[in-house]
Amino acid sequence: MTQSTSQKTVPGTADSARRRSIGQILLLAAGFLVLVAISASSVILVNAARRDSGMVVHTVEAENQISTLLLEIRRAESAARAYMLNAQPSFLTEHEAAVAAIVPGLDKLADLTADNSVQVENIKKLRAAIATRMAEFAKAVGFVKQNDAPSAVAMLPQTGAGAAVQAIADISRAMRAEEDRLFIQRTRTADSTQQLASIVTVTGSGLVIALAGLSIFLVQRSSRARDEAEAQLRENNLNLESTVEERTADLREANDEIQRFAYIVSHDLRSPLVNIMGFTSELEELRGDIFRRIASLANDTPVVPDVNGELPEPALPEQDKQLSADFTEALGFIKSSIGKMDRLISAILNLTREGRREFKPVKIDTRDLIENIASTVAHQAAETETTIRVEPLPDIVSDRLALEQIFSNLIDNAIKYLKPGVPGDILVKGRTKMGFAIYEIVDNGRGIDPKDHQRIFDLFRRAGTQDKPGQGIGLAHVRALVRRLGGTMSVSSELGAGSNFTVTLPARWTGTNRDKQA
């Protein structure tokens, strides 16, 4: 029940966490987009407001320039009138200064109003009227300089109410009216832009605050959900640990029971097997007595002792010779089967004893261990012209006896299953990777069919031609040892192309990896 509950809870928790993560990501993305939109809108609106405000200021500057230009014209007119009346040089100087400022002032006004086609036309008209007015000033001043005061005085009414004066006044009023219109229009536009910028800023700030509040809410909810999930996970872990401990204890008990059963069965099988072997020996002796008796009865010639005093074996008739051969062959089959049965029982007993043995991790010089194994099989290697090469190998912390059994079995198999007529070559090499020591035993033997790669690790199962003695226990026992040491074992091979057995073991085995459950 505990395991079922944890299996139902964990996926739901994972789905909820995934949904919360997606929601938070979307919220962050929305907040980022809002900030980008607010920033972009603010920049655009601020630039627009600055531009509109600049246009308003531009209109004010144009109006000021119109007033400044008219003031210079009136100043030039006043100075000219005073000079015509009393001919004082100071008034002439003032008049000339005012006249000198009129043209630059008119040019500046033309530049300020160049963006408005209406004002461009007004500037053309104003320029012509001012030129006419300035010509009248020059003519009157010329009369005074020529000491023709009556002619200059006669022009006084003309200088104050002529067509040029009226044209300048009319054009100035028209330009002021146009600038007033533009001032109102541009002021409204600037006010609208500033209002829109304020709305965008306030709205964006509100959205940011709302998103911040929603983020705080989601974070708090996520924290609560995480706390609840952690509490549930702790509870599930406690339940799972108790369940695992219970099942591990059950498995250990079952494993011990199997080992005891295998030991008892193999031990009990040995007793009747010993009896069978004894009775077979007696039957073999009885067979000799029976056929000697038959030979004696069937032979008319008396049997005389030889020089040593022993009675020779009497000759059997032809019909009884075949019977004796069949009897002998049957006894041979029985003895062969008894021997095979005895070896199997001994192997089972060894396996059960090995399963009960407690492994002890020690530091091992792996190359020294392999070289010692190679020295023990040096005689078999010499008979088959086999070379055993050992490359530098990584040291390991593991059970020494188990490692000796693993590598002894693999090297012995490599020597046993060589390719006929080909000198053997066995290479032992190794490396380390991510805390594991990887050893490879490579040979150039007869190889293994890929379809038998798993079969060779099964108990009492053998592959290929059965021309070598064995019970099909070695590789099964080797793989069991490797697993008890927390490692894995695999084979890569093709028929006629040799074999490569790979053993992967923890480089620093602590005695807990799988051993207690094996």
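In strand E4, the bridge partner of Arg 389 turns out to be Leu 427. That pair belongs to a wider match-up, since four bridges join E2 to E4, and these two run parallel. (Strands, labelled E, are DSSP runs of at least two residues, while helices, labelled H or I, need at least four; both are numbered from the N terminus. Two strands pair if DSSP finds at least two bridges between them.) The model is predicted, so local features need pLDDT of at least 70 and side-chain atom pairs count only at pLDDT 80 or more, whereas totals for chains, interfaces and linings use all residues. Residues are numbered from 1 along each chain as its sequence is written, and side-chain values use heavy atoms, with hydrogens and water left out.

E4 has another neighbour too: eight bridges join it to E5, and here the strands run antiparallel. Lys 433 stands opposite Phe 436 in E5. E4 and E5 form a hairpin with two residues between them. One residue in that turn is Met 434, which has a positive phi of about 50 degrees even though it is not a glycine. Met 434 sits in the loop between strand E4 (425-433) and E5, and it is exposed, with a relative accessible area of 75%. (Exposed means over 50% relative accessible area, buried means under 20%, and partly exposed is in between, using a 1.4 Å probe and protein chains only.)

Glu 385 pulls a similar trick, with a positive phi of about 55 degrees although it is not a glycine either. Its place is in the loop between helix H9 (378-383) and strand E2 (387-390). Glu 385 counts as exposed because its relative accessible area is 55%.

Now for some residues that are tucked away. Gly 445 lies in the loop between strand E5 (436-443) and helix H11 (474-484), yet Gly 445 is buried, with a relative accessible area of 0%. Leaving out residues up to four places away in sequence, Gly 445 touches Tyr 417, Leu 418, Lys 419, Gly 496, Ala 497 and Gly 498. (A contact means heavy atoms within 4.5 Å.) The C-alpha atoms of Gly 445 and Ile 415 are separated by 8.1 Å, with the two residues 30 apart along the chain.

Ser 398 is part of strand E3, which covers residues 396-398. Ser 398 counts as buried because its relative accessibility is 1%. With residues up to four places away in sequence not counted, Ser 398 has a list of contacts that includes Lys 360, Pro 361, Leu 485 and Trp 509.

Over in helix H1 (residues 2-86) lies Val 36, which is partly exposed at 39% relative accessibility. Val 36 joins Phe 32 and Leu 33 in a nonpolar patch on the surface, with about 320 Å² of accessible area together. (Patches are made of residues with over 30% relative accessible area and no salt bridge; like charges are joined within 9 Å, and nonpolar side chains, namely Val, Leu, Ile, Met, Phe, Trp and Tyr, within 5 Å. A salt bridge is a side-chain nitrogen of Lys or Arg within 4 Å of a carboxyl oxygen of Asp or Glu. Accessible areas come from the Shrake-Rupley method with a 1.4 Å probe, and for residues only the protein chains shown count as cover.)

Finally, the whole protein. There are 11 helices and seven strands, and buried residues make up 33% of the 518 residues. Among contacts with a separation of 6 or more, residues 24 or more positions apart account for 73%. The protein exposes about 30,700 Å², and carbon and sulfur atoms supply 59% of that area.
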